[in-house]
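Me: I am new to this structure and would like to go through it step by step, with the reasoning behind each reply. Please start once the sequence and the model are in view.

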Amino acid sequence: MKEKYNVTVGHSDHTPTIYTSLAAVALGAKVIEKHFNICKRFPGPDANVSIDPDELINLVRGIRKH
């Protein structure tokens, strides 16, 4: 998509883990959108696909290693 349309590619992740975001970065994504909740026990419409603070730290570390 980057070459064909000359755009920045991103990934909007609606999964309960960080793995698809990390895979997207490995494939060239430059922008990641991930649902975040300070505590997984808090209710909310996206609670089932949100990551917590520790997972966010791991996501950022994984992205920076790429």
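Me: In which helix does Glu-55 lie?
Reply: This is a predicted model, and the reply rests on the helices assigned in that model. Helix H3 takes in residues 53-65, and the residue asked about, Glu-55, lies in helix H3.

Me: Is Glu-55 buried, partly exposed or exposed?
Reply: A residue counts as buried under 20% relative accessible area and as exposed over 50%, with partly exposed in between. Because its relative accessibility is 22%, Glu-55 counts as partly exposed.

Me: Which residues is Glu-55 in contact with, leaving aside its neighbours within four places in sequence?
Reply: Sequence separation alone does not give the partners; Ala-23, for example, is 32 residues away from Glu-55 along the chain, and their C-alpha atoms are separated by 15 Å. With neighbours within four places left aside, the residues in contact with Glu-55 are Pro-16, Ile-18, Lys-40 and Ser-50.

Me: What separates the C-alpha atoms of Leu-56 and Phe-36?
Reply: Leu-56 also lies in helix H3, and with a relative accessible area of 33% it is partly exposed. Not counting residues up to four places away in sequence, Leu-56 touches Phe-36 and Ile-51. Leu-56 and Phe-36 are 20 residues apart along the chain, and the separation of their C-alpha atoms is 7.7 Å.

Me: How many helices and strands are there in the protein chain, and in what order do the elements run from the N terminus on?
Reply: The protein chain holds 3 helices and 2 strands. Read from the N terminus on, these elements follow the order α-β-α-β-α.

Me: How do helix H2 and helix H3 run relative to each other, roughly parallel or roughly antiparallel?
Reply: The axes of H2, residues 19-26, and H3, residues 53-65, come within 10 Å and cross at roughly 15°. Angles under 35 degrees count as roughly parallel, and therefore H2 is, relative to H3, roughly parallel.

Me: Is the crossing of H2 and H3 left-handed or right-handed?
Reply: The handedness is given in addition to the crossing angle, which is roughly 15° for these two helices. For H2 and H3 the crossing is right-handed.

Me: Which residues meet where H2 and H3 are in contact, and how many of them are nonpolar?
Reply: On the H2 side the residues are Ser-21, Leu-22 and Val-25, and they meet Leu-59, Gly-62 and Ile-63 in H3. Sorted by class, this contact of H2 with H3 has no charged residues and 2 polar ones, while the number of nonpolar residues is 4.

Me: Why do the buried residues of H2 lie on the same side of the helix?
Reply: The buried residues of H2 are Ser-21, Ala-24 and Val-25. They are on the same side of H2 because the arc they cover around the axis is only 100°. In general, an α-helix has 3.6 residues a turn, so residues three or four places apart point the same way. For the buried residues of H2, the arc in question is 100°.

Me: What do the buried residues of H2 pack against, and which residues are exposed on the other side?
Reply: The buried residues of H2 pack against strand E1 (10-13), strand E2 (31-34) and H3. The exposed residues on the other side of H2 are Tyr-19 and Ala-26.

Me: Where is Thr-17 placed, and how far apart in space are Thr-17 and Val-49, C-alpha to C-alpha?
Reply: Thr-17 has its place in the loop between E1 and H2, and its relative accessible area of 31% makes it partly exposed. Leaving aside neighbours within four places in sequence, Thr-17 is in contact with Lys-34 and Ile-51. Thr-17 and Val-49 are 32 residues apart in sequence, and in space their C-alpha to C-alpha distance is 7.5 Å.

Me: What phi does Asn-6 have, and is the residue buried or exposed?
Reply: Most residues other than glycine have a negative phi. Asn-6, in the loop between helix H1 (2-5) and E1, has a positive phi of about 55° although it is not a glycine. Because its relative accessibility is 70%, Asn-6 counts as exposed.

Technical notes: Residues numbered from 1 in each chain as written. Predicted model: local features only at pLDDT ≥ 70, side-chain atom pairs only at ≥ 80, totals over all residues. Heavy atoms only, no water. Axes fitted to C-alpha atoms, helices over the stretch in contact; angles between N-to-C directions. Helix = DSSP H or I, 4+ residues; strand = E, 2+ residues; numbered from the N terminus. Parallel < 35°, antiparallel > 145°, perpendicular 65-115°, else oblique. Left-handed = near helix turned anticlockwise from the far one by under 90°. Contact = heavy atoms within 4.5 Å. Nonpolar A, V, L, I, M, F, W, Y, C, P; charged D, E, K, R; others polar. Buried < 20%, exposed > 50% of the residue type's maximum accessible area, 1.4 Å probe, protein only. Arc of directions from axis to C-beta.
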